[in-house]
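Good morning, and thank you for the time. I would ask you to look at the structure on the screen while I take you through its surface, its strands and a few side-chain contacts.

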Amino acid sequence: MFWSETIWAVLNTPTTIIRQSDCSGYNVKTIIHQGLQYVTDLAIDPIKHMVYWVDQVNSTIERANYDGTKITVLGVFGFGLQKLKT
């Protein structure tokens, strides 16, 4: 399982982490803990073993391996998608 947790800290600024656990909810580990602001959408690709997310504050669409390595910005949005990697 994967999920995001957003903490509203200093000056009402959000900070998000992405976590993973086994299907029973045990063995929880934080896989991404830096560079995230406010993750609103999360998806997984079980074939490529990748997790994808949208960060509303950073205005990005990003992905990483299941273990949190190889974080890649796929797109930057504002008034439309400005950059896209495949």
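**A patch on the surface, and what surrounds it**

I begin at the surface, where Trp8, Tyr38 and Val57 make a nonpolar patch of about 290 Å². Please keep in mind throughout that this is a predicted model.

Where do two of these residues sit? Tyr38 belongs to the loop between strand E3, residues 29-32, and strand E4, residues 39-45. Val57 lies in another loop, the one between E5 and E6. Tyr38 counts as partly exposed, because its relative accessibility is 31%. Val57 also falls in the partly exposed class, with a relative accessibility of 44%. Patch members must have over 30% relative accessible area, and the 31% of Tyr38 satisfies that cut-off. Val57 has a further relation to mention: its C-alpha atom is 8.5 Å from that of Leu36, although the two residues are 21 apart along the chain.

**The overall plan**

Let me now step back to the whole chain. The protein has 7 strands and 0 helices, which gives the pattern β-β-β-β-β-β-β when read along the sequence. There are 86 residues, and 30% of them count as buried.

The strands can be taken sheet by sheet. One open sheet has 3 strands in the order E1-E2-E3, and their pairing is antiparallel. Its edge strands are E1 and E3, each of which pairs on one side only. From one strand to the next, the twist averages 45°.

Another open sheet has 4 strands, in the order E4-E5-E6-E7, again with antiparallel pairing. Here E4 and E7 stand at the edges with a single partner strand each, so one side of each has no neighbour in the sheet. Neighbouring strands of this sheet are turned against each other by 20° on average, with direction ignored.

**The sheet that begins with E1**

How many bridges join E1 and E2? The two strands pair in the antiparallel sense over 7 bridges. Within this pairing, Ile7 stands opposite Thr15 in E2.

A charged contact also involves these strands. The search of the whole structure finds 1 salt bridge, and Glu5 and Arg19 form it, with 3.4 Å between their closest N and O atoms. Since Glu5 lies in strand E1 and Arg19 in strand E2, residues 14-20, the salt bridge ties together parts that are 14 residues apart in sequence. Are these two residues buried, partly exposed or exposed? Glu5 is partly exposed, at a relative accessible area of 28%. Arg19 is likewise partly exposed, at 24%.

**The hairpin of E4 and E5**

Turning to the other sheet, E4 pairs with strand E5, residues 50-55, in the antiparallel sense over 6 bridges. Leu42 stands opposite Trp53 in E5. The hairpin of E4 and E5 has 4 residues between its strands, and it is here that His49 takes a positive phi near 55°. His49 is a residue other than glycine, and so is worth pointing out on the screen for this positive value. As for its surroundings, His49 is partly exposed, because its relative accessible area is 44%.

A further positive phi occurs at Ser59, where the value is near 60°, again in a residue other than glycine. Ser59 is found in the loop between E5 and E6, the loop in which Val57 of the surface patch is also found.

**Aromatic pairs**

My last topic is the aromatic side chains. A pair of aromatic rings is described by the distance of the centres and the angle of the planes. The count for this structure comes to 2 aromatic pairs. One of them is formed by Phe2 and Tyr66: it is tilted, with 4.8 Å from centre to centre and 45° between the planes. This pair links distant parts of the chain, 64 residues apart, with Phe2 in strand E1, residues 2-8, and Tyr66 in the loop between strand E6, residues 60-65, and strand E7, residues 72-76.

Is Phe2 buried or exposed? Phe2 counts as buried, because its relative accessibility is 18% and the class takes in values under 20%.

To close, I return to the two sheets: one is ordered E1-E2-E3, and the other E4-E5-E6-E7. The Phe2 and Tyr66 pair joins E1 to the loop between E6 and E7. Thank you for your attention.

Key: Residues numbered from 1 in each chain as written. Predicted model: local features only at pLDDT ≥ 70, side-chain atom pairs only at ≥ 80, totals over all residues. Heavy atoms only, no water. Patch = residues over 30% accessible without salt bridge, like charges linked within 9 Å, V, L, I, M, F, W, Y side chains within 5 Å. Areas by Shrake-Rupley, 256 points an atom, 1.4 Å probe, with all protein chains shown as cover. Salt bridge = Lys/Arg side-chain N within 4 Å of Asp/Glu carboxyl O. Buried < 20%, exposed > 50% of the residue type's maximum accessible area, 1.4 Å probe, protein only. Phe/Tyr/Trp six-rings, centres within 6.5 Å; stacked < 30°, edge-to-face > 60°. Pairing = 2+ DSSP bridges. Axes fitted to C-alpha atoms, helices over the stretch in contact; angles between N-to-C directions.
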